[in-house]
Each structure stands twice: as C-alpha cells, then as structure tokens.
Amino acid sequence: MPRILQLVPWLLMVAVMISGQKRYKQITGLQSHCLGNVLRVTLDKSLAIGNRLEVDAINGSNYIPITPSLASKCGYRRKSDPWGNTKLFASVLGCYADNQDDEVFNMGVRFRLYDEHKSDEDVHEVTKTCNYNKWATREILCQRNYMEVSVNRLPPPIDKAGAKVEDQLVDKVPEAVTSAGNIWRMIFFTPKEKSMPLADAQRAGYGIATTPTRLVFRSPYNTTETYSENIAGVPMRVVKVTTYFKDMWSVTMLDTAAACPTGGAHFTEETITWYVPRYIYPLLALNTCETLEAYMGIDGQRLSEAQMTSRGYTMAVTDSHFLIQLPVGGSDGFYKSHAPKYQYHISYSIEAMIEVLWNEEDQLTRYKVLYPITTPMMARPPHVLDNTVAEEYVFDVLLGTFLHDVMLMNLTFDTGVLTIDEANARGFNVREHRFVNGSKTFSLQVPFSDPVVAKAYFEREFTTYTLSLTFGLIILPEQAPFSHSILLDATLHDVVLPVVTGTCDDEAYYVAVEYGSHGSNFQTMVGKRELTADLAKEYSVRENATHMTLRVPFLSSDTVFTFVIPFAAGGRLDFKLVDPANLWSLNDFSLACTFPMPLTECHANGTITALALKVESVPDLVLSQLTLRDQSCKPIFTNGRFASFSFLVNSCGTTRTFLDDMMVYQNEITVANGGVKSGKNPIPMYRVTVSCYYDDHDFKMLKFVPRERQSDRTPLSGFGEMRMQMRLATDATYTTFYTEEHYPVVEYLRRPLYFEVELMDSTDPQLVVFLENCWATLGRDRLSTPRWDLIVDSCANKDDRYSTTILPVDGVQYPSHVKRFEMRMFAFVKDNTVLKDQIFIHCDAAICDNNKQSDAFCFRSCSSYPGNGNENPEVKNTKGQSSARFSPRSRAHLSSGRIVVSRRFKT
C-alpha cells in the first residue's frame, strides 16, 4: 500500500510510439511502458519460443549489441523467466537515449530472434518516447545488475537583479565548468580514497556522463571500488565517488553515492517479507531525513492501494524499515520446478519495487529499487493417490501435484523401461491432467494381468498383486531429471483351488486333478513321495492345460492297506497338492477303495497258503515277526508290505472243526509274544484268522488191506521250508533281473521275454524243479480270463505260433533247481482291437525228488515237441509211465508283475 507522507504532484506525460519492423512474418506480443525514469519493454514467450534472442540498442542509424558489460555501464537490464517471457528495462538516462533537455527521452531497441539451425531471423524494432521532467536533486536507481545515481550538476539559481550586463555570462559558466569534458579526476571512497582519471574509470566498467542538467554515474555491483555495508540488518552494496571538474580558473566537485540492497528478504511457506532500511546512512549527510513519499510496485510499475489490496500486498513503515509483504504464489510472480539431488522442489520468484522520496535540508532524493526475489527451494515430494479398486483388476494411481514445467518421460518397471507412447500402446492409459492454476498431475492404469505386476500368495486363497514403478520426469526447459518410485499392493480373495476327484477299479486308483487359478504350479504328493518325472511315468500321468490324470496300482508302495477281509483288502491313496513357495496344502485328498484279493488259498492236497498285509493301524509292525499259532511257523516270504505263509492242514497248530457238511481248518497269524512295544505305547494286537472250508462230500473212503513189508526201510525224518520264485531277466544272459521297483516292465511286441523259476534256499542236488503249466492273463488274477497257455503239462504249447522255448540252464550251482523259458511279447486282441496294453505271467511249478522214479509226473518226456523238453537231463523216462494220479512232494503257484506293451513299434 503506498504510504504518501507528503503530496507531491507527479506530472508525467507519456507519448508512445511502437514501431515493429517485421522482416519475415507478423507476430504480436511486444509491449512498452514508461515507468518514471525507466522504460520497460515486454516480449511475450510466444515470440521467443524455440528461438535465440539478442537485443540491440538503437543509436541513430546504428545498432549496438547490448552485452552484459554494456548493459551495466549504459543502464540496461534484461530478465527472462524459464519459458522465454522477457522484460527489458532501460534507464531514460542511458547511453543511447535521445535526451531533450532532460524532459523528453526518445529510446529505441531492436529484438532479433533466430534459430541456430536456420539462416533467417525475425527482427522487431521498438521505439518509445517517455516524458519525465520532475527530477529530484538526486535520483538513485537500483537495478539487479547496476546502481545508478544522477545529481543536478548546475548550481542554484542566482539573483540577477542589477546584473543585467552579466546575465549571459552567468548562464554559461556552470555549463562550462561541470560538463563531461571538464571532468578532471574521480575520487572513490572504498571507504578509503582512491583517485582515478575518467578514462580509467570508464575502462573499469563505470558509466559516467552528463546530460543538459545532470551528472550520471553508473556502477556494476562487483567492482573493486564498491563495498558492502550492513544497514539496519540489511546487506547493501555501496559506491561513493566525488567527481572533480576543472577549468581555467576553478575546480568544481560533485558528490555522488548509491547504496542498493543485496538482501533483506525473509521467507515462510506462505509469505515473503522484504525489509528496506528507512535511513540509508551512506546516502545521508545528517543521519536523518524526512520521508515524503513511499510507493511499492511490481516489475517497476507502481501499484495503487486497490491493486495492492486485491493482490494481497502490504507495505508498512517502522522507525527503521519499510516492510513489504508479498504472498508466495501471487499472480505477479511465477513458480519454477527444481530437482536438487533428483528430488522435486519448487521456488517462487517475483520482482518487487520500492520508490521513496525523502528530503534532507531542502535536497530531494528519489530512491527506487527494482529487486528480484526468489524463495529458497521448497521440497514438494509428489503425492500418490491410489484409486485402485481391486475387484476391477486394474491399478489406478494418480501422481502429483507438479508445476506446468514438469514432463513425464518414461516408466520404469521391474521388467524394463517404457516410454509413455509404449506404455499407452500396451494399454496402461497414461494421462496428463492440467488445472486452471497451471499445475498438473499424471494418472496411470495398469491391469493386474500384465507381466509388470507381480503376484504373491501370502494367504492360501488370496492373491496379492504388487506394482513396483518409477516415474521418470524432467523439468523444462533445462531438462533436469528426477524420479519418483511407488509400490502398490492389492489383495483379492480370488484363488480358485484345484479340485481332485478319484475312482477305483479292481486293480488301481484313478485320480483326476482339475487345475485352479494356480494352474499346474503345485507340488504333488502321492502317499509320502513327491511326484517326480520318473514316478509320473510309472503312474501314467497325463496332462493338458486344465487337467492332470494318473493311475496308481492298488499294490503300489505309495498306498496303504486299511483293512483285510477274507476275499478283499481295503486300501487308501493319500494325494496332496502343495503350494511350492509357501508349503500350503491346496488340496488334501484321500481315496479309499476295496479291492478283490483272495488272501487264503485252500488246496486239495491239504496245503493252505495265506497272505498277511501290513495295515495302517499297525504302522510299526515288523512282518517278519509274524507267526502262526505254532510260533515256529514263520513266513516263507516278507517285504515291507506282505508276509506269505504256506502250511499243511495238520501242522502249525491248525484246528479242525465240523460245520454241517463242511470241514473247517483254522489258524491264526499273530505277532510273536502277543505284540511289540514302541516307547510307552504298545502296538495294537495284530490277528488274522485263516480258514479253509472243505465239502465233506468230496472225501472218498478208500479200502486197503495191510500186508507184510518185504523189507524194512529206514524212516527219513526232517523238517524244512522250500521257497520258489519266478523272475524276469533283462536279457538272455540271465545275469540281471527286474525287481519289484521296476514294474510295470515295458516291452515291444514280439520282443523276447526271459523268465526263470528257481528253488531257493536249498542245497539238495537231488531236488528237481519242473514247470507244470505256464500261461498269460490280461488281469492280475491267475484264474481270470482271457488266458493264453504258454506251457501245458510241462511242454511248450504247440498251438502258439510264437512258440515258447524251454531253455537249458547253465552257470548256476544247482542247474536242477532252475527252469528257464523264453516267450514273445504279445497283447490280447478282440475284433482286431487290443483289449489292454498289459499281461501277467503265471506258472505252477513242482519240486520232485530225483531218486524217486515213481514220480512219473516229474519225469515225463516232451519228445513229441522237439526242443521243448522239460525232463530231467539225468534220468530217462520209461515208456508208458503216467503221472495223472500222482502228486509231487511240493508245488508252488507263481506270478509275475505287470508287463506293459509299448505303444511304439520296434523293428
């Protein structure tokens, strides 16, 4: 607010003439204003955008380039904001003003705009006539690049009454004495005195000139003859000089001094307060003065009280200072972005003016300061507004607020860098939003489905989507880069867990997995084992984009037995899908089925075979510790899951009872000594009852008459166990064999299979193994159909076109304990269609005594089938012997594992 202490008429007449010299195209945007003792010319950024600007002073027909050094010497100042808006300030007392009696000033400048890459240029000339005739005795002008002081160089008027003769002489003497041509020497006070001739002062950068009535002195701020002084807490730059004029009869001296502030602005986030000393003592002779007028303005233009109020400006006067307050963000200034250390900051700039008129012993001083103010850089970390609605599966983020000089250049994701055009082409919808105050924000939308979005599963049924992103920005026009990183998370209850179903047939479990939203990204546990690639082949795993199926045999080691009944066994397959990263159970599935499985076989010769299974309820049971009632009767074979017993109906504690027309033989399989203890907890009792039922009508009474023996025979007594096994050799050498872990064995059609039946754990060379019958079935059950005979009555099947060959045995210690045969791989076919790609091989084998020629069955001949003999090589058969009614001393029923036909044909 202007504070008018004494009303002084301000007579200012302005005559304006702007002439624009257009070289190539018509462009508007030039304005000029006379502001007291200063001319201001404004060039709009629309003229300068993309161009380089040079300014010349017009001096008659000559053009003088306004360089920085000439500007401070001749009274010019040029300022531009970062976007090309330019203001040129010129003192009416400048070097190239056409001064008419210090009242009318004709001034001209030329603007040249050109592109460094083009040869042509735009040229605009501006001429202006400013009228300014109310000069104070001393006028001080403080511009940013120079200090200017002008003083009246003429002596006070002389009372000419009675001196008419000398009137003409008196009028001419002052002009002659204080003209520029009479300047003899200049004394600078630094504050020490320093003498300097006029020419040296001009070479040092000082501007010294006289006008019709005034002496003008102009100094840059940074010369060696200027000095700094703190006045009322405000740093100021001071220059003081006395100019000596010399003529023939006298020496005249004029004092000039200027003091201009270089500080005094104080800042808060909302307000700029500018302090200007009220009493500038280097300029005062008596350390006091009377303030007559005080004004504030912007960019050299005085403001009225109403204008100040509307813009929020205030000016106050204290005992020591003039206080001007400006709101940060006012419309007369501008904001600018910065990026120190790549962090976003802003500053606000405005050019304030103060103009004061004071009186000191009837000497008026007009003091005008044009003072550009820029606030310290203020940190403005960008704000992130997360507008994401998770159910829409799109990240929606807003970043801001920025000034208009910020541009978004690129986006950096974990996967790489995208330009804005590339991001929009990818569907990210990057937009810039501008507001009426000139600020802007940037928005971005990224679908959850894009690869730049990471997915994590911190909870089993929830997906956490994460977007890590860095905005790459620059500040114009200096291209200063900075960035801002964000991390967005959104969690959705959107996980679809895989679904597992299963069925069974008589031989296997069948499991189907329908993938969920994880796809096939899970770990599969079959029983207690992970489903590896090798195990997947064994279980015939098949996969597509949405499902997986597998077949697990009932007798697989990855299943468990849950119960046992006489003709079946209960089993369970535990199947689990596990998240590999977090080990969460995605689906815990169990399939329980009952499978036909005769565990007891009752033979007509009075032999009972029984199979004991390790059931889940007795996990620590050691099968080899099982016995029959007679604990000396132990299994003839055990592994981790089975124990096999074979005993006669009249042995091992077997009991007989009669039930109607049935005769029942029973025994029990139990753990020796009643149970096994593990730690403090006893293992539950294991007990399996073995029962055989015989129809009483099938027994015949035989009449016999004893007769006296012809000779005494020494009775042979003994007890032992005989076990037999059937194995499949890997080749004809019979040196390596497939084990349980290798089944099912895969072989091509018509390829040879090499089987061996061996009597185990016997060193009696008189025992001979004979093959009674061998056949192939489609299923595991040896009595199932369809069936194909391989060996019939100890001889190769003559109806088999791929004839089975009984092979000689060598390379073993007891050749009579081993039988070997070779067959060709085949498949069961019906109506030219393969029924199933598997076969099982079964054999009935007999153990005979080589010393007993009466065992005719064991020594029958296959002479009618050359090359297929099954006879003992050491004994020749007697013609006509028959074995139809004779039973060998021991028989065994043997079966192979599953043999699978390869679907590829091998030649």
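# A walk through a strand-rich chain

Welcome! Start by selecting D56, a residue in strand β5, which covers residues 52–59. As you look around, remember that this is a predicted model.

**Stop 1: D56 and its partners**

Is D56 buried or exposed? D56 counts as buried because its relative accessibility is 1%, and buried means under 20%. Now show the side chains of R110 and R112 as well. The side chains of D56 and R110 are joined by a polar contact of 2.7 Å. A second polar contact, of 2.9 Å, links the side chain of D56 with the side chain of R112.

To see who else is there, leave aside the neighbours of D56 within four places in sequence. The residues in contact with D56 then include Y63, I64, P65 and I66. From another part of the sequence, G108, V109, R110 and R112 are also in contact with D56.

**Stop 2: the whole chain**

Zoom out and colour by secondary structure. How many helices and strands are in the chain? You should find 7 helices and 71 strands. The chain has 907 residues, and 46% of them count as buried. Its exposed surface comes to about 47,600 Å², with carbon and sulfur atoms supplying 51% of that area.

Contacts also tell you about the fold. Take the contacts between residues at least 6 apart in sequence: 64% of them join residues at least 24 apart.

**Stop 3: a loop and what it touches**

Next, select V496. You will find V496 in the loop between β39 (480–492) and β40 (499–504). Which residues does V496 touch, not counting those up to four places away in sequence? V496 touches G516, S517 and H518. Try your viewer's distance tool on V496 and G519: their C-alpha atoms are 9.5 Å apart in space, while the two residues are 23 apart in sequence.

**Stop 4: an open sheet of four strands**

Move on to residues 600–602, which make up β49. This strand belongs to an open sheet of 4 strands with antiparallel pairing, in the order β49-β50-β53-β52. The edge strands are β49 and β52 (637–638), and each of them pairs on one side only.

Add residues 607–613 to your selection to bring in strand β50, which pairs with β49 in the antiparallel sense over 3 bridges. Which residue in β50 stands opposite C602? Look for I608.

**Stop 5: another open sheet**

Now select residues 723–729, strand β59. Here you meet an open sheet of 4 strands, ordered β59-β61-β66-β65 and paired in the antiparallel sense. Its edge strands, β59 and β65 (805–807), each pair on one side only. Turn the view slowly to follow the twist, which averages 25° from one strand to the next.

Within this sheet, 7 bridges join β59 to the antiparallel strand β61, residues 752–760. To find a facing pair, pick Q725 and look across to E758 in β61, which stands opposite.

**Stop 6: where to be careful**

Finish by colouring the chain by pLDDT. The mean for the chain is 84, and 84% of its residues reach 70 or more. Over residues 1–27, though, the pLDDT is below 50; this stretch has 69 contacts in the model beyond near neighbours in sequence. Residues 864–869 also have a pLDDT below 50, with 13 contacts in the model beyond near neighbours in sequence. Where pLDDT is low, the predicted coordinates should not be read in detail.

Note on methods:
Residues are numbered from 1 along each chain as its sequence is written. This is a predicted model: local features need pLDDT of at least 70, side-chain atom pairs count only at pLDDT 80 or more; totals for chains, interfaces and linings use all residues. Side-chain values use heavy atoms; hydrogens and water are left out. Two strands pair if DSSP finds at least two bridges between them. Helices (H or I, at least four residues) and strands (E, at least two) are DSSP runs, numbered from the N terminus. Buried means under 20% relative accessible area, exposed over 50%, partly exposed in between (1.4 Å probe, protein chains only). A polar contact is a pair of N or O atoms within 3.5 Å; within protein, one must be able to donate a hydrogen and the other to accept it, and residues adjacent in sequence count only if both atoms are side-chain atoms. Contact means heavy atoms within 4.5 Å. Accessible areas come from the Shrake-Rupley method with a 1.4 Å probe; for residues, only the protein chains shown count as cover. Axes are lines fitted to C-alpha atoms, for helices over the stretch in contact, and angles run from 0 to 180 degrees between N-to-C directions. pLDDT is the predictor's confidence in each residue, from 0 to 100.
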